[in-house]
Amino acid sequence: MASVRMRVLSLVLRRLRKPLLASAQAARKRIAAPKSDPAPPLPLLRRHRVSVREVEGFPVYSVIPRGGSAPSRAVVYWHGGAYTAQILRQHWGFVSALADAGCRVEVPLYGLTPDHAYREALPLGRAVHAELLKQFEPGAVTHAGDSSGGGLALAVTQTLAGAGLALPGRLVLLSPWLDLTMANPGIAAVEPHDPWLSSAGLIEAGLVWADGDDPLRPELSPLHGELAGLPELDIRIGTHDVFHPDCVALHERATAAGVRSELHEVEGGWHVYVLGPVPEGRRARAEIIRKVAFG
């Protein structure tokens, strides 16, 4: 059963967040809205060594722990936001926690809709990964992401072998958006319980990100891409998240393809509960950090 705090925040999300993607019209309004400032918050800047560079025309932040020896593990973190919203403090907080554990964390600020589309994000991901391979063994690199960023992390990883690049050692997917079409018949049963997301708005946001291309392309909906040969998967999802059915499908298909996959389901968990101020999220973050930094 979900914790009391999870249930209380579910009511808050239903009131404040659900309207943002409740319809195609609401999604278009959100897409057209000004973007927030993506700069790292001051506490992170004071706590870690932070630098920014341009890769493939987009800013990429490096967050490195201060003092001590050079990091032996690296994480590429892809933030969520339906491909239209900028990185948030919650994302930066998780990045900071990963750096606290001794990881170097790369944060690509990929282009957002309506001015950018998926075609620019994939080369960016490959370029960032290629840079890390010059300093780290492939097994010491993790790609992680939440929501749309989780889908992007998987989509980028699926293109690495074709570009002649070694794959990372692990993928950590937090409530990943795996199919832009939201066609899984199981979604209809979950949607009334999801306090945050709505299929109608997500489908519209996905079409804008696809920019005229078939949204079922693996680069856009990686659930339909090649799964054999992927690195270890760590999938975190709540049962009150419309992405839950597709996460189950990914786990089952990946396992059938010979991929080592762990599916962590939280009863009553809402979208990206892992980054939320709830007991279930704190436990999940601790498990992920322990696995990524020390496992």
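## Salt bridges, a core and a helix

The structure holds 14 salt bridges, and they make a good way into this predicted model. Let us begin with R53 and E131, whose side chains meet in a salt bridge at 2.6 Å, N to O. R53 belongs to strand β1 (residues 48-55) and E131 to helix α5, so this pair ties together parts that lie 78 residues apart in sequence. How buried or exposed are the two partners? R53 has a relative accessible area of 26%, so it counts as partly exposed. E131 is also partly exposed, with 28% relative accessibility.

Helix α5 takes part in another such link. D211 forms a salt bridge with R119, and their closest N and O atoms are 2.8 Å apart. Here D211 sits in the loop between α8 and β7 (232-238), while R119 is in helix α5, so the pair ties together parts 92 residues apart in sequence. D211 has a relative accessible area of 44% and is therefore partly exposed. R119, at 38% relative accessibility, counts as partly exposed too.

Further on, the side chains of R217 and E219 meet in a salt bridge of 3.0 Å, N to O. Both fall in the range between 20% and 50% that marks a partly exposed residue: R217 has a relative accessible area of 33%, and E219 has 24%. There is also a network of salt bridges, which links D234, R236, E262, E287 and K291.

Now come back to D211, which follows just after α8 and takes a positive phi of about 55°. What span should helix α8 have, and what is the distance between its end C-alpha atoms? The helix runs over residues 199-210, and its 12 residues, at 1.5 Å a residue, should span 16 Å. The expected span counts 1.5 Å times one less than the number of residues. The end C-alpha atoms are 16 Å apart, which agrees.

Which residues of α8 are buried? They are S199, G201, L202, E204, A205, G206, W209 and A210. These buried residues pack against α2 (24-32), α5 (118-133) and α7 (187-190). Three of them, L202, A205 and G206, are among the residues that W177 touches. Leaving out residues up to four places away in sequence, W177 also touches A82, Y83, S147, S148, G151, M182 and F243.

W177 leads us on to the nonpolar interior. The largest nonpolar core has 90 residues, and W177 is one of those with the most contacts inside it, together with V105, Y110 and L250. Helix α5 gives the most to this core, with 7 residues.

Helix α5 spans residues 118-133, and some of its residues turn up again around L165. That leucine lies in the loop between α6 (148-160) and β6 (170-174). Apart from its neighbours within four places in sequence, L165 is in contact with R126, H129, A130, L133 and L160. Its C-alpha atom is separated by 21 Å from that of V292, 127 residues away along the chain.

Let us finish on the surface, where V4, V8, V12 and L16 form a nonpolar patch with about 360 Å² of accessible area together. L16 lies in helix α1, which covers residues 4-16. An α-helix has 3.6 residues a turn, so residues three or four places apart point the same way. Why is L16 called exposed? Its relative accessibility is 59%, and exposed means over 50%.

Conventions. Residues are numbered from 1 along each chain as its sequence is written. This is a predicted model: local features need pLDDT of at least 70, side-chain atom pairs count only at pLDDT 80 or more; totals for chains, interfaces and linings use all residues. Side-chain values use heavy atoms; hydrogens and water are left out. Patches are made of residues with over 30% relative accessible area and no salt bridge: like charges are joined within 9 Å, nonpolar side chains (Val, Leu, Ile, Met, Phe, Trp, Tyr) within 5 Å. Accessible areas come from the Shrake-Rupley method with a 1.4 Å probe; for residues, only the protein chains shown count as cover. A salt bridge is a side-chain nitrogen of Lys or Arg within 4 Å of a carboxyl oxygen of Asp or Glu. Helices (H or I, at least four residues) and strands (E, at least two) are DSSP runs, numbered from the N terminus. Buried means under 20% relative accessible area, exposed over 50%, partly exposed in between (1.4 Å probe, protein chains only). Contact means heavy atoms within 4.5 Å. A nonpolar core is a set of buried Ala, Val, Leu, Ile, Met, Phe, Trp, Tyr and Cys residues joined through side-chain atoms within 4.5 Å.
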